[in-house]
Amino acid sequence: MKVKLITVGKLKENYLKDGMQEYIKRLGRFTKFEAIELADEKTPDKASAAQNQQIMDREAKRIMAKISERDFVIVLAIEGQEWSSEEFSRKLADATLRGFSDISFVIGGSLGLAPQVKKRANLLMSFGRLTLPHQLMRLVLLEQVYRAFMIQEDSPYHK
């Protein structure tokens, strides 16, 4: 199995990089992991709705180029479903039982994701109605992916 994290924008803060590296190391016993950082588009001040849509479309093309037809895609979106950690763990296990060997998570840029990316998703996932910085969300997601694997092996980590 392989887990891919496809994100728009570069991770800049060292404390977040360190946290991510820790969870990437921990995930190594369960899966291969690949982090894909895509360039974000510069958004002009007071951009129009049309300009924002063009920016999201350009970012969407880069995202879609990194997703294969055989990937199980989970897109983080505020309108997505919320799950408990146990439910999330079951979603990942179910994807592998259905024959998916690659699971791709997508976190968009500051404007969000274009409809074509959301349409490609097998699941839309939300961590709640709170707005979190995209860079912090990467770390939170990785911890939950690690927790999902630990739940699958009935580890006390989750308790």
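In this predicted model, S126 is found in the loop that runs between strand β5 and helix α5. With a relative accessibility of 6%, S126 counts as buried, because a residue is called buried when the value is under 20%. Residues up to four places away in sequence aside, S126 touches A77, I78, G80, Q81 and E82. The side chain of S126 also reaches the backbone nitrogen of G128, at 3.0 Å.

G128 itself lies in the loop between β5, residues 123-125, and α5, residues 134-152. G128 counts as buried because its relative accessibility is 12%. When residues up to four places away in sequence are not counted, G128 touches I78 and E82; I78 and E82 are also among the residues touched by S126. L132 is likewise placed in the loop between β5 and α5. The relative accessibility of L132 is 33%, so this residue counts as partly exposed.

Several positions of this region appear in the UniProt record. In an unreviewed entry, the annotation "binding site" covers L76, G108, F127, G128, R129, L130, T131 and L132. Of these residues, L76, G108, F127, G128, L130, T131 and L132 are included in the lining of the largest pocket of the model. Such an annotation may be inferred rather than shown by experiment.

The loop is followed by helix α5, which has 19 residues. The helix reaches 27 Å from its first C-alpha to its last, close to the 27 Å expected at 1.5 Å a residue. Of the 19 residues of α5, 15 are buried, and the helix is therefore largely enclosed by the rest of the structure. One residue of this helix is E143, which counts as buried because its relative accessibility is 13%. E143 touches Y23 and Y157, leaving aside residues up to four places away in sequence. After α5 comes D154, whose phi is positive, near 55°.

Aromatic residues were examined next. A pair of aromatic rings is described by the distance of the centres and the angle of the planes. The structure holds seven aromatic pairs. One of them is formed by F30 and F149, which are stacked, with 5.1 Å centre to centre and 10° between the planes. F30 lies in the loop between α1 (14-27) and β2 (32-38), whereas F149 belongs to helix α5, so the pair ties together parts that are 119 residues apart in sequence. The two partners differ in accessibility: F30, at 22%, counts as partly exposed, while F149, at 8%, counts as buried.

A second pair is formed by F72 and F100, whose ring centres are 5.1 Å apart; because their planes stand at 65°, this pair is edge-to-face. F72 lies in strand β3 (residues 72-81) and F100 in the loop between α3 (85-97) and β4 (102-107), so this pair ties together parts that are 28 residues apart in sequence. Both F72 and F100 are buried.

Ring pairs also link Y23, F30, Y146, F149 and Y157 into a cluster. Two members of this cluster, Y23 and Y157, are the residues that E143 of α5 touches.

Notes. Residues are numbered from 1 along each chain as its sequence is written. This is a predicted model: local features need pLDDT of at least 70, side-chain atom pairs count only at pLDDT 80 or more; totals for chains, interfaces and linings use all residues. Side-chain values use heavy atoms; hydrogens and water are left out. On a 1 Å grid over the protein atoms alone, a cavity is a set of points where a 1.4 Å probe fits but cannot get out, and a pocket is an open set with protein on both sides within 12 Å along at least five of seven lines; lining residues have an atom within 4 Å of a point. Helices (H or I, at least four residues) and strands (E, at least two) are DSSP runs, numbered from the N terminus. Buried means under 20% relative accessible area, exposed over 50%, partly exposed in between (1.4 Å probe, protein chains only). Contact means heavy atoms within 4.5 Å. The expected span of a helix is 1.5 Å times one less than its number of residues. Rings of Phe, Tyr and Trp (its six-membered ring) pair if their centres lie within 6.5 Å; planes under 30 degrees apart count as stacked, over 60 as edge-to-face and the rest as tilted. A polar contact is a pair of N or O atoms within 3.5 Å; within protein, one must be able to donate a hydrogen and the other to accept it, and residues adjacent in sequence count only if both atoms are side-chain atoms.
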